Amino acid sequence: MIHKIQTLVKKYEELILYVICGGLTTVVNIVVYGLCADVLGIYYLVANFIAWVLSVLFAYVTNRTWVFKSRRRGARAILREFSLFVSGRVMSMAGDMLIMFLCVSVAALPGLIAKILANIFVMIFNYIFSKLIIFRKK
């Protein structure tokens, strides 16, 4: 039984690490959003953008280091990788903002509920984009 679990963990290590790091990134995103919107009273879309910037920086470091174990070295290669990462996150941010707008302004859902729903979309999109484009193995 232990051997089967170890085999499954090894087989799906990248996905497991992505879910863990993505979960932590989501926590960073939601906590920063909550602090900005609910504690500081910042307009929800601005709060969402601030949360996005900080969570993207956190996600890049965790994805590069632990999930996809990028071996790219040198300023130019890392800058290219980071630029692709941010580009993918800009695309997912557009979806995030659209979902936030539709849920809060159109459907009148609480901002935090909308944020959780938006993050489900964001995590799926970001994994696919990261796996297939940013950190793909040569």
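This report covers helix packing, buried residues and cysteines in a predicted model.

## Helix α3 against helix α4

Helix α3 spans residues 44-67, and helix α4 spans residues 75-106. Their axes come within 10 Å. The crossing angle is roughly 145°, and the crossing is right-handed. Sorted by class, the contact of α3 with α4 holds 18 nonpolar, 3 polar and 4 charged residues.

## Helix α2 against helix α5

Helix α2 covers residues 13-39, and helix α5 covers residues 111-134. Here too the axes come within 10 Å, crossing at roughly 145°. The pass of α2 over α5 is right-handed.

On the α2 side, the contact is made by Glu14, Leu15, Tyr18, Val19, Gly22, Gly23, Thr26, Asn29, Ile30 and Tyr33. From α5 come Gly111, Leu112, Lys115, Ile116, Asn119, Met123, Asn126, Tyr127 and Lys131. By class, the residues of this contact comprise 9 nonpolar, 7 polar and 3 charged.

## The buried residues of α5

Ala114, Lys115, Ala118, Asn119, Val122, Asn126, Tyr127, Phe129, Ser130 and Ile134 are the buried residues of α5. Their cover includes α2, α3 and α4. Among these buried residues are Lys115, Asn119, Asn126 and Tyr127, which also take part in the contact with α2.

## Asn63 in helix α3

Asn63 lies in helix α3. Its relative accessible area is 2%, so Asn63 counts as buried; the cut-off is under 20%.

Which residues touch Asn63, leaving aside its neighbours within four places in sequence? They are Tyr18, Phe68, Lys69, Phe85, Arg89, Ser130 and Phe135. Several of these can be placed on helices. Tyr18 belongs to the α2 side of the α2 and α5 contact. Ser130 is one of the buried residues of α5. Phe85 and Arg89 fall within residues 75-106, the range of α4.

## Cysteines

The whole structure has 0 disulfides. Cys36 is in no disulfide, and the nearest cysteine sulfur, that of Cys103, is 20 Å away. A disulfide would need the two sulfur atoms within 2.5 Å.

Are Cys21 and Cys36 buried or exposed? Cys21 has 7% relative accessibility and therefore counts as buried. Cys36, at 8% relative accessibility, is buried as well. Both cysteines fall within residues 13-39, the range of helix α2. Cys103 falls within residues 75-106, the range of helix α4.

Notes. Residues are numbered from 1 along each chain as its sequence is written. This is a predicted model: local features need pLDDT of at least 70, side-chain atom pairs count only at pLDDT 80 or more; totals for chains, interfaces and linings use all residues. Side-chain values use heavy atoms; hydrogens and water are left out. Axes are lines fitted to C-alpha atoms, for helices over the stretch in contact, and angles run from 0 to 180 degrees between N-to-C directions. Helices (H or I, at least four residues) and strands (E, at least two) are DSSP runs, numbered from the N terminus. A crossing is left-handed if the near helix is turned anticlockwise from the far one by less than a right angle, and right-handed if clockwise. Ala, Val, Leu, Ile, Met, Phe, Trp, Tyr, Cys and Pro count as nonpolar, Asp, Glu, Lys and Arg as charged, and the others, Gly among them, as polar. Contact means heavy atoms within 4.5 Å. Buried means under 20% relative accessible area, exposed over 50%, partly exposed in between (1.4 Å probe, protein chains only).
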